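Me: Please take one part of this structure and describe it closely for a reader who is new to the subject. I should then like to see how the description extends to other parts of the chain.

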Amino acid sequence: MTTTLFTGIAELRTVSDAGTLSDAALITTDGIIDWVGQADELPDDYNIDETIDLEGRTVLPGWVDSHTHMIFDGDRSAEFEARMAGESYQAGGIAVTMEATRSAGEQRLEQLLQERIAAARAGGTTTFETKTGYGLNTESEIEAAKVAARHVDDVTFLGAHLVPPGADAEEYLEEVVGPMLEGIAKHVQWIDVFCERGAFDEEQSRRVLQAGIDKGLGVRVHGNQLGEGPGVSLAVELGAASVDHVNYLSDEDVEKLAASETVATMLPACDLSTREPLAPGRRLLDAGATVAIASNLNPGTSYTSAMNFCVTTAVLQQHLSLDEALEAATAGGAKALRRHNVGEGKDPQGRPAKGTLVPGAAADLHVLDAPSAIHLAYRPGMPMTYQTYVAGQRVFG
């Protein structure tokens, strides 16, 4: 057993009932948090193997990025430039990524994924979800899932991302819920569908999600990105862990989310890129819904893993307080993956919880090179991440 003392913490954001502690310390043993508190209350019955003095910096839980599309190859910067010049986003550019991803090969996809994970860890992210959905045939989707499963915490099957160019929608759906799902199910934890105009309607989306449920997969939904639609209602009805994008919500949608366990995941970097209205985080929180913030890292509409930027945007433009934004990007993301603390630092499956700094939880730490977390929003765009720890091991800084 290795026991490590982190001291010299000017501000410790536990994202728990313990709140924010100043002049704090934290003890970890073999990747699990053992003790959290004021430095002058340190227990004297620990055999400390290593002491790390953070010299007046801030410690947060590592970001939990609960919505990414990290398995892809290819470049869509020309599409982005055209959109910034006034062209509308209709999701058609996915076909460009599909061709590049299908031809990349497993070795290159794995290299690209590892590079993207390293970049995200340099910004304080410690827990990742990622989706398939750029291969759009059985062979390529299974390949993507296998690569992701080797490196990412949670993997989501998104064969129902879009109908491939030239394919018949019903024939493609038969493949998605048939051989594609059969081959991929053992490599993933979740199933997802892009329930949106230009992608899959309510009936098609229900068919995909129910097939995943029948295979024992949890449910996630892309919904209400380009306009009001059935995504939120379907997600709540099927007990989805999250419904993501949520840019356009009716009063009924908000009420359903507030009365459910389904997390509303906001993707602010994507909203800025597509020039859609920012998701109504203030409205959701005021209604009592659980909100998460994620990067939506993908090549077409959000080519960033910068959770610092997403949190800053939520504070500056979506009218969340700093505490609300931090919770959404940590504990909120953990709940969207069902890895949140349900007691004694354990998640619903008895694993060390993510997104919180309490005894029993994973020692996933994000150290800011600042005396308080408000510097994330106070100094927007500045490099703030000093060190990142996953299960007590330093992976950046």
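Reply: A helix here is a DSSP run of H or I with at least four residues, a strand is a run of E with at least two, and both are numbered from the N terminus. The model is a predicted one.

The close look begins with helix α2, which covers residues 94-104. Its buried residues are I94, A95, T97, M98, T101 and A104. These buried residues of α2 pack against α3. After α2 comes G105, a residue with a positive phi, near 90°.

Helix α3 spans residues 106-121 and packs with helix α4, residues 138-149. The axes of α3 and α4 lie 10 Å apart and form an angle of about 40°. Angles under 35 degrees would count as roughly parallel, and those from 65 to 115 as roughly perpendicular; α3 and α4 are therefore oblique to each other. Their crossing is right-handed. On the α3 side the contact is made by E106, L109, E110 and L113, and on the α4 side by E143, V147 and A148. Sorted by character, the residues of this contact comprise four nonpolar and three charged, with no polar residue.

The description now turns to an annotated site. An unreviewed UniProt entry gives the feature "binding site" at H67, H69, H222 and N296. These four positions gather at one spot, because no two of their C-alpha atoms are more than 12.2 Å apart although they span 230 residues in sequence.

Two of these residues can be followed further. H67 sits in the loop that joins β5 (63-65) to α1 (77-84). Its relative accessibility is 0%, so H67 counts as buried. When neighbours within four places in sequence are set aside, the contacts of H67 include H222 and N296, and also E129, K131 and D244. H222, by contrast, belongs to strand β9, residues 218-223. With a relative accessibility of 3%, H222 is buried. Under the condition that neighbours within four places are left out, H222 is in contact with H67 and H69, among others, and its further partners include K131, D192, C195 and D244.

Elsewhere in the chain, T126 is part of strand β6, residues 125-131. T126 has a relative accessible area of 3% and is therefore buried. Residues up to four places away in sequence not being counted, T126 touches G62, W63, D153, D364, L365, T388, Y389 and V390.

Two partly exposed residues complete the account. G74 lies in the loop between β5 and α1. Residues count as buried under 20% relative accessible area and as exposed over 50%; at 30%, G74 is therefore partly exposed. From G74 to Q204 there are 130 residues in sequence and 29 Å in space, taken from C-alpha to C-alpha. E202 belongs to helix α6, residues 202-214. Its relative accessible area is 36%, so E202 is partly exposed. Its C-alpha atom is separated by 32 Å from that of A78, which is 124 residues away along the chain. Leaving out residues up to four places away in sequence, E202 touches C195, P230 and L234.

Definitions and conventions:
Residues numbered from 1 in each chain as written. Predicted model: local features only at pLDDT ≥ 70, side-chain atom pairs only at ≥ 80, totals over all residues. Heavy atoms only, no water. Axes fitted to C-alpha atoms, helices over the stretch in contact; angles between N-to-C directions. Parallel < 35°, antiparallel > 145°, perpendicular 65-115°, else oblique. Left-handed = near helix turned anticlockwise from the far one by under 90°. Contact = heavy atoms within 4.5 Å. Nonpolar A, V, L, I, M, F, W, Y, C, P; charged D, E, K, R; others polar. UniProt positions renumbered as here; feature names shortened; annotations may be inferred. Buried < 20%, exposed > 50% of the residue type's maximum accessible area, 1.4 Å probe, protein only.
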